[in-house]
Amino acid sequence: MVRFSVPTKARLPSSLRVDSSNPAVIKSLGRLSREALISLAISWLDEDTIANAVPYLERRDEEDEIDPDDIYPPCGSVQELYELYVEMQQQKGSKRDVANRILEGDWRHGLSLYQLAMVDFYYLEEHPMSQKWTAYKILPLKPPTKDADDEILQVDDKALNVPRFHPSTFLQSLQDQVLPDVKAHYQFYRPKDLSVLLLRIFVIESPYNSSMALSGVTGSGGATNFTSSRTVYLAFPDGSSHIYITKSQANGPAPTGESKSLQNLIIHGVPKALSRPRERYTLKPTSLTSRNLETLLDKRGPGRGNAAGGGWSIYASDKNKKSPLDAILPSPPLSRDSSLSEQNRKRSKPLNSDQRSAKRAKLVAQARFGDSGLVADGKGIERVDVLLKDPFPTPSAVENQGSEEDQANAPSETSVSARRRTIDAVLRQAADGDDEEMNEPGNPSQWRPTVQITFQGNHVFAGIRQLVEAGIVDGERMPGWMTGEDGVTVGVVKHGRIRGNKGSGL
Amino acid sequence: MDPAVDELQTNPLDEEIASLKKQVAHLRKTIKIECSTILSSPSIKEALVSSLNPQPSPKSAALRPRKPRKSVDRDEQLLLTRSKQQEAYNQQCLYRISASVTAFKVHDPDPNAVDGGHVLGLRFEVMTRGQFMQPYYVMLNRPYPNNNKTLRVHRHTVPPAIPLPGLAARYLPVPKQQMENDSSVALPKQDLERFVKSLRREIMRYHNRLGVSADLRRSLGAHSQAAADGLSQLPSNAIIDVSIADTEAKQIRLTWADERNGRLVMDDDGKVVKFMVFGAEGRDWETTKQLTDSQGRVEDVAKMLEEYAAGR
């Protein structure tokens, strides 16, 4: 324990320990499975990380102090402890045993911030959907002119440089952005099966970076500083100029405004940390939010699918790769290509009208969605909010146009929650702050009701595709935004298209 | 029956089925190739056309029975359309082989698409190690009702490593709403040709850079394999890992067996701009100097790295 603490601007050291009786620590360990707990403990005892996760070991010279009541007698050496955990891996047992052993036995003097970060990362790996990620695009700014000090820099849309990200430099400059009355701990982690680099930022309100920050001599008694801590994850996809940020999470009850301000702090701090002298960047939200990191990697990632969603995905997928040296006439994408099914067709009796229309619906769905929107592709989006700004169809057009839209609108919940309000605000903002089609003559005779449609589910666009295949939604007249080809989860529809995003994805 | 014996009996059968299936797949492929070859031969096409439009000789018409003629006609019609498709496809392939950028027309399936769904597609061919890769596509549409010749990037499959937005802003600028300032300000001209040229250049550069680092990795691959196995005593100069360190593939990260690591930065054209080596105690000036003697292209440095790794 440090005798005295001096207010400082430094970051929280990884080896700083949090008391193992802290409810937040117990809770986060309790969320993990037994296998994860054991492999985590083994990873802590690794040579490279042991400095940040020193276990409680028996001291040779104080043999008389052995406590007979101790259920978890301390081990003599790290090697011994390591073997003990490897042995536990073979055996069966409850996860509570392991968690208790960690908390009350081998790390009874507390878990370091590094260990807590790793606990959270293991939880994220076990439950990849536990966080909600919002994708931001990193955009270069125009260099400032010489004399103006406080000018607002414009996005340089003609810049040809692609932003580059270097973890340790980024962290250093991010630390410079953090205010002195807030202390943060950073930990990088690379998940096994995704090409992203995760950064966990653990923020605590304290001027100290010693154990004072965590022990919480706050004067108000009971409540420790730990409960006012926040955790935010950033994800840096490999080879893509995007960044994914999660909402901050509190360990204890906290006013909602506070977590938002931290979010803002990070959104403002990250571009500054990414910038370098003579190269400035800004973050721009891309209206895509999902719990599924794989979806984000597909729509805002390093690959080809960023601006080729929906039916356009056939151009991005590897399946249709066709070398020009191969002169075999490719069967058009919608025909049955294998000769096997051709044989079947010859033998089977002619289709009746139901079967024919079902088949037609399938082909239309294939044409509109391409290779996207398949239930099993693991690229689901849970929620899509769309605000319709088009004039209400005139009676003659009603017959032609979308009854499905009204149906879709019906189940949207009536309880106005905080989340709902924020989405409304985003939609309004998107509707207002749009320079395109500004001078469009408003026709007062047209009735423009505000219709907001919310799609919810495990995989929204796969659901719409199934509706098309089942013939419930007319695939040919379905607007393009229902195929997910714009790659957004919040949008305003005008003239039947998502506005401000005429599809370029630029 | 004894399950073990049963298994023994089924196994050769399964194998036979598998091999037959393979044979069938092979034969199907051969048939397809033969078909396309026959269809694309000009003499077959001539024969098809002449059989469809026979010289009206009343004698033969009278002799021929009515019914079967119709179905033969239909089959020939089908063959002819197929042959026409094949011809068009052959032409497309030929263009794709000889020109690295080709254009085609697409129809946007969105019923609300701008400009009636007319979309101009551009196809950028890329080759790696003598093979055609999946091409990159850029789709352009004409969303501006006032200037019906101005294009805009609609969809594309270009990876984020290529600054497509910047190029589009430079060569395909958005026309200004010329409402208040009538014709005093000259409209920015769109230059599709330059856009395509510079985009193709960027794509090629990117692929060449990828190729350089892949070559480097391959030439040093033996060492990294040995390091992964962890059995041999590696010379400390051996490079065990080569990886791309940034989005644009302009930086290559090198890791030596003795935990030194280096960073190589190249410019657009593959010229080495910066090269540095970090040892256990900060910058390793000696190695850096040794390796940057050539001060040339990445390929030269790669060669030097190889020599250095071999211990010279």
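Visitor: How many Å separate the centres of domain 1 and domain 2 of chain B?
Guide: In this predicted model, the centres of domain 1 of chain B and domain 2 of chain B, taken over C-alpha atoms, are separated by 30 Å.

Visitor: And which residues belong to the domains of chain B?
Guide: The assignment divides chain B into domain 1, covering 45–50 + 71–98, domain 2, covering 101–173 + 190–208, and domain 3, covering 220–309.

Visitor: What is the order of the four strands in the open sheet with strand 1 of chain B?
Guide: The order is 1-2-5-6 in chain B, with antiparallel pairing. Strand 1 (101–107) and strand 6 (152–156) of chain B have a single partner strand each and stand at the edges, so one side of each is left without a neighbour in the sheet. From one strand to the next, the twist averages 30°.

Visitor: How many bridges are there between strand 1 and strand 2 of chain B?
Guide: Strand 1 of chain B pairs with strand 2 (residues 118–124) of chain B over seven bridges, in the antiparallel sense, and Thr102(B) is found opposite Arg123(B) of strand 2.

Visitor: Which helix lies across those strands?
Guide: Helix 6 (residues 192–219) of chain B lies across strand 1, strand 2 and strand 5 (136–141) of chain B, and runs at about 40° to strand 2 of chain B. Helix 6 of chain B also lies across strand 7, strand 8 and strand 9 of chain B, where the angle to strand 7 of chain B is about 165°.

Visitor: OK, so what about the sheet with strand 7, in what order do the five strands come?
Guide: The five strands of this open sheet in chain B come in the order 7-8-9-10-11, and the pairing is antiparallel. Strand 7 (239–244) and strand 11 (282–283) of chain B are the ones at the edges, each with a single partner strand, so one side of each is left without a neighbour in the sheet.

Visitor: Can you walk me through the pairings there?
Guide: Strand 7 of chain B is joined to strand 8 of chain B by five bridges, the two running antiparallel, and Asp241(B) stands opposite Thr255(B) in strand 8. Five bridges also join strand 8 (residues 251–256) of chain B to strand 9 of chain B, again antiparallel, with Gln251(B) having Val265(B) as its bridge partner in strand 9. Strand 9 of chain B then pairs with strand 10 (residues 272–279) of chain B over six bridges in the antiparallel sense, and Leu264(B) faces Phe275(B) of strand 10 as its opposite residue.

Visitor: Which turn residues have a positive phi in the hairpins?
Guide: In the hairpin of strand 8 and strand 9 of chain B, which has four residues between the strands, Glu259(B) in the turn has a positive phi of about 65°. The hairpin of strand 9 and strand 10 of chain B has five residues between the strands, and there Gly270(B) in the turn has a positive phi of about 85°.

Visitor: Which side chains of strand 9 of chain B are buried?
Guide: Along strand 9 (residues 261–266) of chain B, Gly262(B), Leu264(B) and Met266(B) point to one face and are buried, whereas Asn261(B), Arg263(B) and Val265(B) point to the other face and are not. In a regular strand the side chains alternate between the two faces of the sheet.

Visitor: Switching to the cores, how many residues are in the largest nonpolar one?
Guide: The largest nonpolar core has 83 residues, and Leu37(A), Ala41(A), Leu234(A), Ala235(A), Ile243(A) and Ile245(A) are those with the most contacts inside it. Helix 5 (residues 113–126) of chain A gives the most to this core, with seven residues. Apart from this core lies another, of 27 residues, among them Tyr137(B), Leu140(B), Tyr171(B) and Leu199(B).

Visitor: What is Leu234(A) in contact with?
Guide: Leaving aside neighbours within four places in sequence, Leu234(A) is in contact with Leu199(A), Ile201(A), Ile243(A), Ile245(A) and Val270(A).

Visitor: And the contact between the chains, how many residues come from each?
Guide: Chain A gives 42 residues to the contact and chain B gives 41 residues. Helix 10 (313–316) and helix 12 (353–369) of chain A each supply at least two residues of the side of chain A that touches chain B, and by class that side has 17 nonpolar, 15 polar and 10 charged residues.

Terms used:
Residues are numbered from 1 along each chain as its sequence is written. Chains are lettered from A and ligands numbered from 1 in the order in which they are written. This is a predicted model: local features need pLDDT of at least 70, side-chain atom pairs count only at pLDDT 80 or more; totals for chains, interfaces and linings use all residues. A nonpolar core is a set of buried Ala, Val, Leu, Ile, Met, Phe, Trp, Tyr and Cys residues joined through C-beta atoms within 7 Å. A residue is buried if 20 or more other C-beta atoms lie within 10 Å of its own, exposed if 12 or fewer, and partly exposed in between; C-beta atoms are placed from the backbone. Two residues are in contact if their C-beta atoms, placed from the backbone, lie within 7 Å. Two strands pair if DSSP finds at least two bridges between them. Axes are lines fitted to C-alpha atoms, for helices over the stretch in contact, and angles run from 0 to 180 degrees between N-to-C directions. Ala, Val, Leu, Ile, Met, Phe, Trp, Tyr, Cys and Pro count as nonpolar, Asp, Glu, Lys and Arg as charged, and the others, Gly among them, as polar. Domain bounds come from an automatic or database domain assignment.
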